[in-house]
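Please look through the structure shown below before reading on, and keep it in view while the paragraphs lead from its strands to its metal site and its empty spaces.

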Amino acid sequence: MELPGGELRIVSQKEFPIQNTLTGATMLLKPGALREMHWHPNADEWQFYLSGRARVTIFGAHGRTKTAAFAPGEVAFIKQGFGHFIEQVGDEPTRVLILFNSPVYEEINISTWLAANPASIITDNFGISKELADKLPKESVVIAAPQAA
Ligand SMILES: [Fe+2]
């Protein structure tokens, strides 16, 4: 899947039927890109950093968050259901090998979730104006390109 900020290639049981235990993926983040906040309702995620650098933020219930930097050879682990996003860092593109412990790939992106709710739900629960809510993406972003300065 080619995206504005990079690419995400996924191989699950759907693409490779003999594989029935995991899903593999590769992700490329161009400089300044953001893998938007998302979560996987059915699997843990294991990220192996191949090249480039990134900053990963994970969050759980009750406002718990943690951010850590990753470089080639390092592994990030995200427990099933925990929200997370990945910020590309540095001038070199970031490449990541990703594994999920389920043969079925599932993701919920925050842009998709926001777009699926009426604007009044978003404005009431997040305390933002309707004008700002109207500017939110209306479809899944996945990997966003850097904003022009
Ligand atoms: Fe993920």
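Two strands are said to pair if DSSP finds at least two bridges between them. With that in mind, the model, which is a predicted one, can be entered at strand β9, where glutamate 87 is the bridge partner of arginine 55. Arginine 55 belongs to strand β6, residues 53–59, and β6 is joined to β9 by 7 bridges, with the two strands running antiparallel. Another step along these strands brings the reader to valine 56, which stands opposite isoleucine 86 in β9. Strand β9 itself covers residues 83–89 and is mostly covered, since 5 of its 7 residues are buried.

Strand β6 also pairs with β7, again in the antiparallel sense, and here 6 bridges are found. Within this pairing, isoleucine 58 stands opposite lysine 66 in β7. The two strands form a hairpin with 5 residues between them, and histidine 62 has its place in this loop, ahead of β7 at residues 65–70. What is the phi of histidine 62, which is not a glycine? The angle is positive, at about 65°, and this deserves attention because most residues other than glycine have a negative phi. Is histidine 62 buried or exposed? Residues over 50% relative accessible area count as exposed, and histidine 62, at 80% relative accessibility, therefore counts as exposed.

Valine 142 offers a useful case to set beside this one, for valine 142 is not a glycine either and has a positive phi of about 70°. Its place is in the loop between α3, residues 130–135, and β12, residues 143–144. Buried means under 20% relative accessible area, so valine 142, at 4% relative accessibility, counts as buried.

Returning to β9, the reader can now follow its pairing with β4, to which β9 is joined by 3 bridges in an antiparallel arrangement. In this pairing histidine 38 stands opposite histidine 84 in β9, and both of these histidines are among the protein donors of the iron ion. The donor atoms are NE2 of His38, NE2 of His40, OE of Glu45 and NE2 of His84, and they lie 2.1 Å from the iron ion. How are the donor residues spaced in sequence? They follow the pattern H-x1-H-x4-E-x38-H, in which each x with its number stands for the residues that lie between one donor and the next. The angles among the 4 donor atoms run from 84 to 169°, and the site of the iron ion is irregular. Of the donors, histidine 40 and glutamate 45 are both buried.

The next topic is empty space inside the model. Rolling a probe the size of a water molecule over the atoms shows where empty space is left. The structure holds 1 cavity of 30 Å³ or more, and the largest cavity has a volume of about 60 Å³. Which residues line the largest cavity? They are Leu8, Ile10, Ala25, Met27, Arg35, His38, His40, Glu45, Ile86, Ile98, Phe100 and Tyr105, and this list includes His38, His40 and Glu45, which are also donors of the iron ion. By class, the lining has 8 nonpolar, 2 polar and 2 charged residues. Strands β2 (6–11), β3 (23–29), β4 (34–39) and β10 (94–100) each supply at least two residues of this lining.

Strands β2, β3 and β10 also appear in an open sheet of 6 strands, which has the order β1-β2-β3-β10-β5-β8 and antiparallel pairing. Its edge strands are β1, residues 2–3, and β8, residues 75–78, each of which pairs on one side only. Strand β1 is joined to β2 by 2 bridges, and the two run antiparallel, with leucine 3 standing opposite glycine 6 in β2.

A last stop is the largest pocket, which has a volume of about 210 Å³. It is lined by 13 residues, of which Met37, Ile110, Ser111, Leu114 and Leu136 are the closest to its centre. The elements that give two or more residues to this lining are β4, α1 (110–115) and α2 (119–126). What classes of residue make up the lining of the largest pocket? Its residues divide into 11 nonpolar, 1 polar and 1 charged.

Conventions
Residues are numbered from 1 along each chain as its sequence is written. This is a predicted model: local features need pLDDT of at least 70, side-chain atom pairs count only at pLDDT 80 or more; totals for chains, interfaces and linings use all residues. Side-chain values use heavy atoms; hydrogens and water are left out. On a 1 Å grid over the protein atoms alone, a cavity is a set of points where a 1.4 Å probe fits but cannot get out, and a pocket is an open set with protein on both sides within 12 Å along at least five of seven lines; lining residues have an atom within 4 Å of a point. Grid points are joined across faces, edges and corners, and a volume is the space filled by probe spheres set on the points. Helices (H or I, at least four residues) and strands (E, at least two) are DSSP runs, numbered from the N terminus. Ala, Val, Leu, Ile, Met, Phe, Trp, Tyr, Cys and Pro count as nonpolar, Asp, Glu, Lys and Arg as charged, and the others, Gly among them, as polar. Donors are N, O and S atoms within 2.8 Å of the metal (3.2 Å for Na, K and Ca); water is not among the atoms, so sites may look incomplete. Four donors count as tetrahedral if all angles lie between 85 and 135 degrees; four count as square planar and six as octahedral if opposite donors are over 155 degrees apart and all others between 65 and 115; anything else is irregular. Buried means under 20% relative accessible area, exposed over 50%, partly exposed in between (1.4 Å probe, protein chains only).
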